[in-house]
Amino acid sequence: MKFVKLYELKIYTAEDVLCEDEPFYKALFKEARRLGIGGGTLVRADAGYGTQVRGNDGRAMPIFFSGSYNLPLIIEIVDTKEKLSLLYPFLEKYGDRHFMAVIVPMVALHTKYVNENGLSLGRTPLPLMDEPDC
């Protein structure tokens with residue numbers, strides 16, 4: 001088996017986060033498509049929590065997301081590190097919105113789908129690895 005090194009941009013946010021007049025996730029996917037980035041997935045969570053500073057004392061209080069009005073979202077976009085970096089200006093522009101982004105290195109099996117998807121995007125083939133660097 002052969003493997004390729006990819007990266008995942010994972011963004012934790014909520015349904016009510018907007019960019020101008022559309023949901024953050026839709027604006028992000030629109031920008032990723034425009035840039036020719038490999039692919040992405042949106043996961044709606046049933047519940048989650050985060051922290052938000054409240055009051056003048058600066059203490060962080062847990063804020064729970066639940067119910068059907070403002071569910072937490074996880075956005076996952078996978079591509080090479082170089083292609084994902086094209087999204088950084090977008091993330092900086094909307095950096096005052098409620099989201100947290102992380103980059104996760106990953107190793108993917110080199111499948112026919114991965115190869116054909118890259119070719120359809122006009123990419124040079126990714127370098128293959130014999131075994132993952134784990």
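Two residues are in contact here when they have heavy atoms within 4.5 Å of each other. Keep that handy for the exercises below, and remember that this is a predicted model.

**Exercise 1. Which residues does Ile-75 touch, once those up to four places away in sequence are left out?**

Solution. Start with the partners that have lower numbers: Leu-9, Lys-10, Ile-11 and Thr-13 are on the list. Next come Phe-24, Tyr-25, Leu-28 and Phe-29. Thr-41 and Leu-42 finish it off.

**Exercise 2. Work out which elements build the largest nonpolar core, and which gives the largest share.**

Solution. First, the core itself: it has 22 residues, and Ile-75 is among those with the most contacts inside it, along with Phe-24, Leu-28, Ile-77, Leu-87 and Phe-90. Then sort by element: strand S1 (3-14), helix H1 (24-34), S7 and helix H3 (88-93) each give two or more residues. H1 takes the largest share, with six.

**Exercise 3. Describe the largest pocket and what lines it.**

Solution. Begin with the volume, about 420 Å³. Of its 20 lining residues, Leu-6, Val-114, Asn-117, Gly-118 and Leu-126 are the closest to the centre. Now look at the elements: strand S7 (72-79) and helix H4 (112-120) each supply at least two lining residues, and H4 gives the most, six. Last, the chemistry: nine lining residues are nonpolar, eight polar and three charged.

**Exercise 4. Is Glu-20 buried or exposed?**

Solution. Find Glu-20 in the loop between strand S2 (18-19) and strand S3 (22-23). Its relative accessibility is 57%, and the cut-off for exposed is over 50%, so Glu-20 counts as exposed. While you're there, check the backbone: Glu-20 isn't a glycine, yet its phi is positive, about 60°.

Conventions:
Residues numbered from 1 in each chain as written. Predicted model: local features only at pLDDT ≥ 70, side-chain atom pairs only at ≥ 80, totals over all residues. Heavy atoms only, no water. 1 Å grid on protein atoms, 1.4 Å probe; cavity = no way out; pocket = protein on both sides within 12 Å on 5 of 7 lines; lining within 4 Å. Points joined across faces, edges and corners; volume = space filled by probe spheres on them. Helix = DSSP H or I, 4+ residues; strand = E, 2+ residues; numbered from the N terminus. Nonpolar A, V, L, I, M, F, W, Y, C, P; charged D, E, K, R; others polar. Core = buried A, V, L, I, M, F, W, Y, C linked by side-chain atoms within 4.5 Å. Buried < 20%, exposed > 50% of the residue type's maximum accessible area, 1.4 Å probe, protein only.
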